[in-house]
Amino acid sequence: MFDEIINKIKSDKANWLKFRDSFTKREIPSKTILLKEGEISKHAHIIKKGCLQQWFNKNGKDITFQFFFEGQPVASIESFINNQPSLFTIESIEPSI
């Protein structure tokens, strides 16, 4: 899915020049927090390899409520779009790209 999105954007040279700096390939080790609950999200992610989870803390207990796998986008959309603190944490549970 990620490669399809990149290829579609690249097919329009004007779009690619506008957005190419928005795409960064990152290798993420296992147990890396990409966004902490309460922080404002500045990134959206597309998983090329690996697995991420979203979780929140309830009374001192971490509650995982969603997993994301290869080809899926991951973000705290409300935080990203509305510049509001995220209600959850995004973390890798295995090495990911």
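**Note on a four-stranded antiparallel sheet**

1. In E4, the residue opposite Lys58 is Lys61. This pair belongs to a predicted model, and it offers a convenient entry to the strands described below.

2. Strand E3, residues 51–58, pairs with E4 in the antiparallel sense, and 8 bridges join them. The two strands form a hairpin with 2 residues between them. In the turn, Asn59 has a positive phi of about 55°.

3. E3 also pairs with E6, again in the antiparallel sense, over 4 bridges. Within this pairing, Thr89 in E6 stands opposite Trp55.

4. Strand E6, residues 89–92, pairs with E1 as well; this antiparallel pairing has 2 bridges. Here Ile90 in E6 is the bridge partner of Leu35.

5. Taken as a whole, the sheet is open and has 4 strands in the order E1-E6-E3-E4, with antiparallel pairing. Its edges are strand E1 (33–35) and strand E4 (61–69), each of which pairs on one side only. On average, neighbouring strands are turned by 30° against each other, direction ignored.

6. Which residues make up the largest nonpolar core? There are 9 in all: Ile28, Leu34, Leu35, Ile47, Leu52, Phe68, Val74, Phe88 and Ile90. Leu35 and Ile90, the bridge partners noted above, are thus both members of this core. In soluble globular proteins, nonpolar side chains tend to be buried together.

7. Leu52 merits separate attention. Apart from neighbours within four places in sequence, Leu52 is in contact with several other members of the core, including Leu34, Ile47, Phe68, Val74 and Ile90. The contacts of Leu52 also take in Gln66, Phe67, Glu91, Ser92 and Ser96.

8. Is Ser92 buried or exposed? Ser92, which is found in strand E6, counts as buried because its relative accessible area is 0%, and the cut-off for a buried residue is under 20%. A polar atom of the Ser92 side chain lies 2.6 Å from the backbone oxygen of Pro29.

9. The surroundings of Ser92 can be listed on the same basis as those of Leu52. With neighbours within four places in sequence left aside, Ser92 is in contact with Ile28, Pro29, Ser30, Lys31 and Thr32, and also with Cys51 and Leu52. Among these, Ile28 and Leu52 are members of the largest nonpolar core, while Pro29 supplies the backbone oxygen mentioned in the preceding point.

Note on methods. Residues are numbered from 1 along each chain as its sequence is written. This is a predicted model: local features need pLDDT of at least 70, side-chain atom pairs count only at pLDDT 80 or more; totals for chains, interfaces and linings use all residues. Side-chain values use heavy atoms; hydrogens and water are left out. Two strands pair if DSSP finds at least two bridges between them. Axes are lines fitted to C-alpha atoms, for helices over the stretch in contact, and angles run from 0 to 180 degrees between N-to-C directions. A nonpolar core is a set of buried Ala, Val, Leu, Ile, Met, Phe, Trp, Tyr and Cys residues joined through side-chain atoms within 4.5 Å. Buried means under 20% relative accessible area, exposed over 50%, partly exposed in between (1.4 Å probe, protein chains only). Contact means heavy atoms within 4.5 Å. A polar contact is a pair of N or O atoms within 3.5 Å; within protein, one must be able to donate a hydrogen and the other to accept it, and residues adjacent in sequence count only if both atoms are side-chain atoms.
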